[in-house]
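Biologist: I'd like a close look at one strand of this model. Which neighbours does it have, and what surrounds them?

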Amino acid sequence: MRNIIVCAEHGFVMQLVVNLVAFYESNRENDFHIYIARTELDEEDDSLLSLNCPFPAGMVSYWDPEEISIPAFEKLLPEDEEHALYLDVLTLVYGNVGDLYDSLDWPSRIAVWHECGLTQEAQGKIIRYEYGEPWLDTLHTEDALLWWGYAKKTPFYVPLMELYVLDTCRSRQMTRAIYTEYLDHDRLHTEYAKYKQFFDRMTGKKS
């Protein structure tokens with residue numbers, strides 16, 4: 001079994017769901033199990049995650065660790081599982097990574113992606129970006145559009161994602177490309193006030 005560990009933290013549930021959708025669509029024929037470590041989630045966070053997680057029940061397990069750390073994950077990973085790969089919430093997997101997973105030089109039982117080394121083979125399969133405000137401002141425009149393409153496939157919060165872009169990124173080149181490709185401006189302006197308070201809370205912003 002190939003094991004993947006991701007974290008669901010308050011303020012990052014939306015990004016996580018997009019990454020899960022991308023991973024599932026690119027690897028649904030492979031033998032993967034996803035472990036989602038939850039921390040500081042409230043009822044609304046949990047609802048958002050459960051409604052939008054693309055994986056069938058048998059392919060995903062939920063953990064509630066004492067802390068987000070490799071030692072905490074070691075305690076939770078079943079003893080019969082040899083390895084697990086930790087992908088932080090700012091890692092987008094958009095290609096088939098079964099062979100790549102199997103070829104990794106594991107430095108430990110649970111490895112963080114960058115510890116395994118980004119090989120040439122990973123190009124065209126994985127994007128890792130740094131945290132910024134707004135979420136995607138460290139991605140190149142092409143990568144951001146790829147990320148947004150997966151966001152559009154999620155059933156519940158796409159309008160909220162669009163509102164976030166409308167509210168915080170309107171002057172950026174990346175956002176102009178997204179505007180042109182995806183956004184329905186009239187609808188967004190109409191729905192903005194309705195969603196803004198909830199959206200600010202979910203993204204950790206103060207209304």
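Modeller: Two strands pair if DSSP finds at least two bridges between them. Helices (H or I, at least four residues) and strands (E, at least two) are DSSP runs, numbered from the N terminus. This is a predicted model, where local features need pLDDT of at least 70, side-chain atom pairs need 80 or more, and totals for chains, interfaces and linings use all residues. Residues are numbered from 1 along each chain as its sequence is written, and side-chain values use heavy atoms, without hydrogens or water.

I pick strand S2, residues 32-39. Start with its burial. Seven of the eight residues of S2 are buried (under 20% relative accessible area, exposed being over 50% and partly exposed in between; 1.4 Å probe, protein chains only). S2 is therefore largely enclosed by the rest of the structure.

Now its partners. S2 pairs with S3 (60-63) in the parallel sense, and four bridges link S2 and S3. Two residue pairs place the register. Ile34 faces Val60 of S3. Tyr35 has Ser61 of S3 as its bridge partner. Strand S1 is a partner too. S1 and S2 run parallel and share eight bridges. Thr39 of S2 stands opposite Glu9.

How does the chain get from S1 to S2? It passes through helix H1 (residues 13-27), and this β-α-β crossover is right-handed (strands pointing away from the viewer, the path from the first strand over the helix to the second runs clockwise). The next step has that handedness as well: S2, H2 and S3 form a right-handed β-α-β unit.

S1 deserves a few words. It covers residues 2-9, and seven of its eight residues are buried, so S1 too is largely enclosed by the rest of the structure. S1 also pairs with strand S4 (residues 84-86), in parallel, through two bridges. There, Ile5 is bridged to Tyr86 of S4.

Leave S2 at its C-terminal end and you enter the loop between S2 and H2. Glu40 sits in that loop. Its phi is near 55°, which is positive in a residue other than glycine. Most residues other than glycine have a negative phi. Glu40 is exposed, with a relative accessible area of 71%.

Helix H2 (residues 43-52) comes next. Its start carries a contact: a side-chain oxygen of Asp42 comes within 2.8 Å of the backbone nitrogen of Asp45. Asp45 is also one of the buried residues of H2, along with Leu48, Leu49 and Asn52. Down the helix axis, these buried residues fall within an arc of 95° (taken from the directions from the axis to the C-beta atoms), so they line one face of H2. Glu43 and Leu51 lie on the other side of H2 and are exposed.

Back to Ile34, because it also helps line the largest cavity. A cavity here is a set of points, on a 1 Å grid over the protein atoms alone, where a 1.4 Å probe fits but cannot get out; lining residues have an atom within 4 Å of a point. The structure holds five cavities of 30 Å³ or more (the space filled by probe spheres set on points joined across faces, edges and corners). The largest takes up about 70 Å³. Its lining includes Ile4, Val6, Asn19, Leu20, Phe23, Leu87 and Val93 as well as Ile34. S1, H1 and strand S5 (91-93) each give two or more residues to this lining. H1 gives the most, three residues.

Two residues add detail around H1. Ser26 lies in helix H1. It is buried, at 16% relative accessibility. Its side chain reaches the backbone oxygen of Ala22 at 3.0 Å. Tyr94 comes from the loop between S5 and helix H4 (98-103). It counts as partly exposed, at 22% relative accessibility. The C-alpha atoms of Tyr94 and Asn19 lie 8.4 Å apart, though 75 residues separate them along the chain.

Finally, follow the chain beyond S3. Ser69 sits in the loop between S3 and helix H3 (70-76). It counts as buried, at 16% relative accessibility. Its side chain makes a polar contact of 3.1 Å with that of Glu67 (N or O atoms within 3.5 Å; within protein, one able to donate a hydrogen and the other to accept it, and sequence neighbours counting only if both atoms are side-chain atoms).

Notes. 1 Å grid on protein atoms, 1.4 Å probe; cavity = no way out; pocket = protein on both sides within 12 Å on 5 of 7 lines; lining within 4 Å.
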